[in-house]
Structures are given as structure tokens and as C-alpha cells.
Amino acid sequence: MPFMHPPLLYFLLHFFAGNQASEPSAETKMVEPTKEAEATNVILQSKDGGHTWQDISHGLPEIEERMGFFAGESEIYLSTNGALYRSKSNLKTHVWEKENVPDLKSTSITFNQSGVMAYSFDGHIYRKKPSSDTWLPIYTDLITHSVATIFETSDGTVFMGTGKSLSKSTDKAQSWKPVQKGWVDNIVESEGVLLATGQQGIMRSTDNGDTWEWVISEGGVGIAVERIDGGFAAIAYNTRTQSRRIHTSFDGGKTWQAIDEGLQPSKNISSVKQMGNYLFVGHPDGIFRSSDMGNTWQRVHAGFGNPLYASLKFALWTPAAPVEKVFKLYVSGNVLYAVAVSPGC
């Protein structure tokens, strides 16, 4: 997980973003975001489809270590400095509350059918008790202590990736069946189809994860997979173009179409999300929005591939505050979040 973006760089980025020598094309016309004078970290939100953006990091401690951001249907979590913080996503002004999760120093959050789970790579897993601040330990008899991902399907099947393989359990983690070799990261489900990112791209299962086939395999790893209206969106690395390509599928993940021709090719595209009638992409050149499923793109927030960085690099470059960043996107209800991360995260 990445370090946060420094406030000075955030201000200068917005100041210079509207003063470039050349104007963006019609397809990428800049929509000037709102700014806050006392922004402390780059954790941004938009409640109007990307037209305006607000910094929501006020009230958080100074970010000194790598952090993780997680968005559910109605709440968001931030893991940093060995602590976990939570806020409701529908608040006018965010109030960050510290969560008391035992034994977890570097926490990941997943939002599953059975509730909110917190876990760390060393195998400690907790589920939050409904309508409570209590976290209860679960899956205490795991034989592995390298948990990379946890996902529950609609019928209660549990998938666990360890960084080396993917296993499934149909008896509430009493027993596990290996179903795929190699690391598997994010998994999504829709109408009986499972899709997941993996070492060879994007893989698909139609038998509840017993067997998998690669449906996007362009020489590189899978970066992201998401549910969208009527289908799926995914990002995978293409070794021929040496860039991350964005794809959509509207036949249950059988066939895929690239939708990134209107964007500058990049190795560091971070995410693709749908909110309402829009698709959003986190790109080094900024945050882009499409109202026609990727046929055209409009930039709605400045990015980190700004010429300004060439002059600021030596002044601001430190191990704790690298200037190479890209916004990673998250959706919670009707709110879009953008968090500055290091490329590749």
C-alpha cells in the first residue's frame, strides 16, 4: 500500500493543471475540480459524478507508513500506522473513528456476504459483529499463515488466496480444496460467473470455482476486475503494447473488447469503476470519465503526469513522499473516492 501525497504538491498540481501551454482535446476537456486550502492528505471524494472533488482526510493522523483504503456499500476504512479507521460514506463531513481490531498491524478489509472482515497476511481473520464495534476471530484453524485475499460467493462458498494458490471451502472453512495454482487477487461474481485476476491475466469460472479458464491472457498479470451494468470490466497488462489495457465484456466474461483507445497508453492505469451511468478510470494523466462505455473519455481531475513534476522532483522527492503517483478509484454508494497510490499498487 502507498504513502500519501504531500499537501504542497497537491496544491501546485491543481494550480498548474489549468495553465498548460496546450488545451486538451474535446474528448479530454478538463473539468476544474474544487480545492481546499488546508488539505492534509490526498484522499478525495466526489458526490456529483466527478464534477467537483473534496479532500476528506481531515481528522486523520499524519500518514507516516504505507496505507490501505477500502470502500463498502455505506462505509469506508483506512489502514495506516498500525491502526484502522472507519467513516460512513454518506456523511456531509467525514468523521473518522478508530477501530479496535486485535492482533492486526497491517490490516486488509473485505466486504463479504456474511459481513465485514479484517485480515492480515499472517492469518489473523476477524468478522465485525453486526451493529457493534466488536470484531470476533473466525477461521482460527487455518493451516496457512499467508492470507492474500478472501471472497465469499452468494451461496456462502469461501475462497482464500495465499499468494501461491487459491482454495475454496463449502463448509465454513472447516476444510479447503485447492482449485488454482499461483496467486489470485480480487474476485467478483455475477449471475453464476466468477472472474478473478491472476498471474496470466483474467480468469473465469462457471462451476463455482472448481475449474478456471483464462479469458484475457496478453502476456501479463491481471490488475483489476469489476462488475458493471450488464457485464464486467477488467484491466490486464499487455506485453506487446507494454501497457495496461482496459476491457469490457457483456456476455458473462466469454469475450472482451478493449475500450482504452481514447486514453494515452500507460503501464500504470490503476482502476476502472462504474458509478451511475459513468465509467471512471484512474490514469497517470488524471481521472477520466466515460458516458458511453469507453467510446470517448473526458478528464475530470488532473493527474500526476504533469510537466510541473520535472521541476518539483528534486525539491519534493523523499522515500516517504515520492512524486510518482496515480489515483486509485473506489465506489461507496453514490460517492466516488480517489486515493493517491504508487504506480503498480
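## The hairpin of strands 19 and 20

Let's start with one pair: Ala-224 has Ile-235, over in strand 20, as its bridge partner. This is a predicted model, in which local features need pLDDT of at least 70 and side-chain atom pairs count only at pLDDT 80 or more, while totals for chains, interfaces and linings use all residues. Residues are numbered from 1 along each chain as its sequence is written, and side-chain values use heavy atoms, with hydrogens and water left out.

Strand 20 covers residues 231-238, and 7 bridges tie strand 19 to it in an antiparallel arrangement. (Two strands pair if DSSP finds at least two bridges between them.) The two form a hairpin with 2 residues between them. One turn residue to look at is Gly-230, which has a positive phi of about 80°. Strand 19 itself spans residues 219-228 and is mostly covered, with 7 of its 10 residues buried. Buried here means under 20% relative accessible area, exposed means over 50%, and partly exposed is in between (1.4 Å probe, protein chains only).

## The chain as a whole

Now for the wider view. The chain's secondary structure comes to 2 helices and 28 strands. These are DSSP runs numbered from the N terminus: helices are H or I with at least four residues, strands are E with at least two. The chain has 345 residues, and 54% of them count as buried.

Its accessible surface comes to about 16,100 Å², and carbon and sulfur atoms hold 50% of that (Shrake-Rupley method, 1.4 Å probe; for residues, only the protein chains shown count as cover). Take the contacts (heavy atoms within 4.5 Å) between residues at least 6 apart in sequence: 41% of them join residues at least 24 apart.

## Strands 4, 5 and 6

Another hairpin sits earlier in the chain. Strand 4 (residues 75-80) pairs with strand 5 in the antiparallel sense, over 6 bridges. One of the pairings puts Leu-78 with Tyr-85 in strand 5. The hairpin has 2 residues between its strands, and Asn-81 in the turn shows a positive phi of about 55°.

Strand 5 (residues 83-88) has 5 of its 6 residues buried, so the rest of the structure largely encloses it. Strand 5 is also joined to strand 6 (residues 97-99) by 3 bridges, again running antiparallel. Across that pairing, Leu-84 stands opposite Glu-99 of strand 6.

## A look at Glu-75

Glu-75 is in strand 4. It counts as buried because its relative accessibility is 12%. Leaving aside residues up to four places away in sequence, Glu-75 touches Phe-70, Arg-86, Ser-87, Lys-88, Ser-89, Phe-111, Val-116 and Ser-332.

Ser-332 isn't the end of the story at that end of the chain: Gly-333 is 258 residues from Glu-75 in sequence, yet their C-alpha atoms are 8.6 Å apart. The side chain of Glu-75 also makes a polar contact of 3.3 Å with the side chain of Tyr-77. (A polar contact is a pair of N or O atoms within 3.5 Å; within protein, one must be able to donate a hydrogen and the other to accept it, and residues adjacent in sequence count only if both atoms are side-chain atoms.)

## Salt bridges

A salt bridge here is a side-chain nitrogen of Lys or Arg within 4 Å of a carboxyl oxygen of Asp or Glu, and by this rule the count comes to 11. One of them pairs Arg-127 with Glu-152, their closest N and O atoms being 3.7 Å apart. This pair links distant parts of the chain, with Arg-127 in strand 9 (residues 125-128) and Glu-152 in strand 11 (residues 149-152), 25 residues apart. Arg-127 is partly exposed at 22%, while Glu-152 is buried at 7%.

Lys-177 and Asp-210 form another salt bridge, with 3.1 Å between the closest N and O atoms. Lys-177 belongs to strand 14 (residues 177-181) and Asp-210 to the loop between strand 17 (201-205) and strand 18 (213-216), so this pair ties together parts 33 residues apart in sequence. Both count as partly exposed, Lys-177 at 43% and Asp-210 at 31%. Then there's Glu-213 with Arg-204, whose side chains meet at 3.3 Å, N to O. Here Glu-213 is partly exposed at 42%, whereas Arg-204 is buried at 9%. Elsewhere, salt bridges with shared partners join Glu-75, Arg-86, Lys-88, Glu-97, Glu-99 and Lys-128 into one network.
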